[in-house]
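I sat down with this model to see how its strands and helices fit together. Here are my notes, in the order I looked things up.

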Amino acid sequence: MTQTQDFGFGTQIRKSPYFDATVRWGATGFSVYNHMYIPRDFGDPVQNFWNLINEAILCDVAVERQVEITGPDAARFAQLLTPRDLSKMAVGQCKYVLITNAQGGILNDPIMLRLAENHFWISLADSDILLWAQGVAVHSGMDVTIREPDVSPLQLQGPKSGQVMRALFGDAITDLRYYWLRQVELDGIPLIVSRTGWSSELGYELYLQDSSRGDELWEKIMAVGGPIGLKPGHTSSIRRIEGGMLSYHADADINTNPYELGLDRLVNLDTEADFIGKAALRRIRDEGPARRQVGLVIEGEPLAGPNTTFWPVTLDGRTVGKVTSAIHSPRLGQNIALAMLSVAAARLGARVQVQTRAGVMAATIVEQPFYDPKKSIAAA
């Protein structure tokens, strides 16, 4: 009997339903996100970027675990978790939301999906919101059930993703609007499909509802999409930084509040509904944040890769903040970065210094997002 080589660090880090398929299709590097492996390397990350913006890529994002909220009080409980007003959220709609704690700190920045009147999914960034939600539910006095369902998303992103979707599901899928969802099947495979994604490009997420069929689903999509130009890929740091998209634990964490990120639109303090952090967020709004996220263009040679530590930012010899995400954009021909700076230092056009691994580099504070600020590509 021949024993094939296994890959992994043990059963405590979970493998997605697409894990074996991604290895077959060329994944060579993985990271850990929500206690699961996520493919981070299919070869050249620059080529992955060009594949994304010129063609289409299929990404295993099963790490976007779902927190499911059901029960008679599901809508009221969902509102308790977020400062964004959900009162007009329709069945079939998705919303980008923040989950805040009592101090107004951000615990997660997920997509919320409303599948039915009393049925919600929270599609997570990297943090243990299942435990938070279950803990909140214990003392909420509300009739809800909080669990992690058998749901594993894929992201199909890029300008040709619409063509791939038509080939898979027919022309009817083309009228799915940005930030809306639909229940579909693919040869009997149960899916929820949404017009969302973490790329700032035209894209879809396919939420598989039967993990036993993950390998089959991946192969069906690649078989249909390959002739159209679809490639296996991974979420692109280049494109998401160009688009000013947050990476939780890098650009935001429990000590970051929405006003520091310019996300005032996601905080509705004038609603009657109560939510966790409401009093703290009102105080922060009235006093004004002490820090603010800015964009930076960093001079010098192209960065060899993304930053793996927070780079200090200095002004006149004083540390005024840190770079949270940095990358070289081959499209823009610039080193671009997201940074969190003191409000006094966060002035457009100001010159600062960044202490990179390669040495001190000059930088200029600029508007961000760096590319397509109105999200016209993704929303088209």
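**Notes on a barrel, a sheet and some helices**

I began with one pair: I298 has N335 in β19 as its bridge partner. Before going further I noted that this is a predicted model, where local features need pLDDT of at least 70 and side-chain atom pairs count only at pLDDT 80 or more, while totals for chains, interfaces and linings use all residues. Residues are numbered from 1 along each chain as its sequence is written, and side-chain values use heavy atoms, with hydrogens and water left out.

My helices (H or I, at least four residues) and strands (E, at least two) are DSSP runs numbered from the N terminus. I call two strands paired if DSSP finds at least two bridges between them.

**Entry: β19 and its neighbours**

I298 belongs to β16 (residues 291-298), which is joined to β19 by 8 bridges and runs antiparallel to it. I also found R291 bridged to S342 of β19. Then I turned to β18 (residues 318-329), which pairs with β19 in the antiparallel sense, again over 8 bridges. Here S325 stands opposite L338. The two strands β18 and β19 make a hairpin with 4 residues between them, and G333 in the turn has a positive phi of about 65 degrees.

Is β19 mostly covered or uncovered? I found it mostly covered, with 7 of the 9 residues in 334-342 buried (under 20% relative accessible area; exposed is over 50% and partly exposed lies in between, with a 1.4 Å probe and protein chains only).

**Entry: the barrel**

I followed the pairing round: 6 antiparallel strands close into a barrel in the order β16-β19-β18-β17-β20-β21. On average, neighbouring strands of this sheet are turned by 40 degrees against each other, direction ignored.

Next I checked β20 (residues 351-356), whose covered face holds V352, V354 and T356 and whose uncovered face holds R351, Q353 and Q355. On one side I found 2 bridges from β17 (residues 311-315), antiparallel to β20, with T314 partnered by Q353. β20 is also joined to β21 (residues 359-366) by 6 bridges, antiparallel as well. β20 and β21 form a hairpin with 2 residues between them, and T356 stands opposite G359.

**Entry: the open sheet**

I then looked at an open sheet of 5 antiparallel strands, in the order β5-β8-β9-β4-β10. Its edge strands are β5 (94-96) and β10 (145-147), each pairing on one side only. β4 (residues 66-70) pairs with β10 over 3 bridges, antiparallel, and E68 is the bridge partner of R147.

**Entry: helices**

Which residues of α2 (residues 45-54) are buried? I listed N48, F49, N51, L52 and I53. Their cover includes β3 (56-60), β11 (152-157), β15 (230-233) and α7 (237-242), with contact taken as heavy atoms within 4.5 Å.

Last came α5 (residues 161-169) and α6 (residues 214-225), which pack at an angle of about 115 degrees with axes 9 Å apart. Axes are lines fitted to C-alpha atoms, for helices over the stretch in contact, and angles run from 0 to 180 degrees between N-to-C directions. The two helices, α5 and α6, are therefore roughly perpendicular (65 to 115 degrees; under 35 is roughly parallel, over 145 roughly antiparallel, and the rest oblique). At this meeting I saw V164, A167 and L168 of α5 against K220, I221, V224 and G225 of α6.
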